[in-house]
Amino acid sequence: LCTKLMYPWPQIVNGNVFTKYLAKLREPSPADNATYCVTADQSVLNFKTTFKIQVGAEPQDCIITGATDYERPKPRNAYSTALGRLDIDGLLAGKYGEVVPINDSDDFANKFPPFHDQPLDGKVYVINGDLVIGAAPEEGKKPASIVVPDAGLDLRGNGTVVVVSGDLWIHDDFSYNGAFLDNFTALSQLASVGWIVLDETDPMKEHYGTLGNIYIDKSVTSLVGAFFSGGQAGVYTVAPPDTDGPDPLTVSGLMVARQFHLSRSFKSKTQGSEQVIYDGRAAANPPPGFGDMTKTLPIFGAGQISQ
């Protein structure tokens, strides 16, 4: 199959695709789009799944339509749906871990432990307003690479970043260090980061309805964590003003958003242009505030957790 005749295609590894409305691709992909099932309220077009269901005499892709229960968590439903619950109020009140206030993006670079080779330690890092991580590299150069480390004894490897009334702009690569399986003592030491980005909640404020989105620089190729975008625009895999990114993007974790703007132009017969790999960390050691949301997700054994 000549890649010149292909379109970029999304790929969900070890996971499912849920959408409130429809899931549609321009052309069938050269490989499976989801390991398990694609679920939509309306229609699904040109998606393929590794898991098959028996329909009549022949197994078919696991495509489920008419699923009206699936709705993303948002203020209107108190962040609680069939997909799970985010306790935003409890998170900000310190119910799930010590709250570390962040003044601005520079302060985040000073206080966010992975920038200093330290574990997240079960804390919640809260910033009001936009959070910009790193700076866009010069054309043709790679972004900085940040490793989220596992924790040592008596420390926790999980943590959550909460952006309140702002957007998240990511210009750095993120990865896990992969050393955990060699030093296993407790799942609580496993590195597991959550990213929650919230819209303005006051309808009287000027920017109400325009915030809570995630913008990923076109140079970024690796991200990790459980991502939740509460904004109307959702997630951009190529941050504006750019409209195209030639490199593939791999996210180890999960992503929840109202919309996904998939703008990577990378083409391959075996790898999607945007690849989300559910690595099991969000269920094995949920980031603070994500515990209820991940109860419906599969839990992998220690030998299956992504490094």
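## Inside a strand-rich predicted model

Strand S22 gives the most to the lining of the largest cavity, with 3 residues. Keep in mind that this is a predicted model. The largest cavity holds about 40 Å³ of space, and the count of cavities of 30 Å³ or more comes to 2. Besides S22 (249-256), the elements that each supply at least two lining residues are S18, S20 and helix H3 (281-284). Among the residues lining this cavity are Ser-192, Val-193, Gly-225, Ala-226, Ser-252, Gly-253 and Leu-254. Tyr-176, Asp-279, Arg-281 and Ala-282 line the largest cavity too.

Now for the chain as a whole. It has 3 helices and 24 strands, and 49% of its 307 residues count as buried. If you look at contacts between residues at least 6 apart in sequence, 65% of them join residues at least 24 apart. The accessible surface comes to about 14500 Å², with 51% of that belonging to carbon and sulfur atoms.

**Strand S18 and its partners**

How many of the residues of S18 are buried? For this strand, residues 192-197, the answer is 6 of 6. In a regular strand, side chains alternate between the two faces of the sheet. On one side of S18 sit Ser-192, Gly-194 and Ile-196, on the other Val-193, Trp-195 and Val-197, and all of these are buried, so both faces are covered.

S18 has S15 (residues 158-164) as a parallel partner, joined by 6 bridges, and there Thr-160 stands opposite Gly-194. S18 also pairs with S20 in the parallel sense, over 4 bridges; Trp-195 has Phe-227 in S20 as its bridge partner.

**An open sheet**

Another piece to look at is an open sheet of 5 strands, in the order S13-S16-S19-S21-S23, with parallel pairing. S13 (131-133) and S23 stand at its edges with a single partner strand each, so one side of each has no neighbour in the sheet. Further in, S16 (residues 168-170) and S19 run parallel and are joined by 3 bridges. One pair of bridge partners here is Leu-168 and Ile-214, the latter in S19.

**Two buried loop residues**

Ser-219 sits in the loop between S19 (214-216) and S20 (222-229). Is Ser-219 buried or exposed? Its relative accessibility is 13%, and because the cut-off for buried is under 20%, Ser-219 counts as buried. Leaving out residues up to four places away in sequence, Ser-219 touches Pro-137, Lys-141, Pro-143, His-171 and Asp-173.

Arg-264 is also a loop residue, placed between S23 (260-261) and S24 (274-277). At 2% relative accessibility, Arg-264 counts as buried. Between Arg-264 and Thr-243 there are 8.6 Å in space, C-alpha to C-alpha, and the two are 21 residues apart in sequence.

What do the side chains of these two loop residues reach? The polar contacts go like this:

| Side chain | Partner | Distance |
|---|---|---|
| Ser-219 | Asp-217 side chain | 2.6 Å |
| Arg-264 | Val-220 backbone oxygen | 2.8 Å |
| Arg-264 | Asp-247 backbone oxygen | 3.0 Å |

So the side chain of Ser-219 is joined to the side chain of Asp-217, while the side chain of Arg-264 reaches the backbone oxygen of Val-220 and has a polar atom 3.0 Å from the backbone oxygen of Asp-247.

How values were computed: Residues are numbered from 1 along each chain as its sequence is written. This is a predicted model: local features need pLDDT of at least 70, side-chain atom pairs count only at pLDDT 80 or more; totals for chains, interfaces and linings use all residues. Side-chain values use heavy atoms; hydrogens and water are left out. Buried means under 20% relative accessible area, exposed over 50%, partly exposed in between (1.4 Å probe, protein chains only). A polar contact is a pair of N or O atoms within 3.5 Å; within protein, one must be able to donate a hydrogen and the other to accept it, and residues adjacent in sequence count only if both atoms are side-chain atoms. Contact means heavy atoms within 4.5 Å. Two strands pair if DSSP finds at least two bridges between them. Accessible areas come from the Shrake-Rupley method with a 1.4 Å probe; for residues, only the protein chains shown count as cover. On a 1 Å grid over the protein atoms alone, a cavity is a set of points where a 1.4 Å probe fits but cannot get out, and a pocket is an open set with protein on both sides within 12 Å along at least five of seven lines; lining residues have an atom within 4 Å of a point. Grid points are joined across faces, edges and corners, and a volume is the space filled by probe spheres set on the points.
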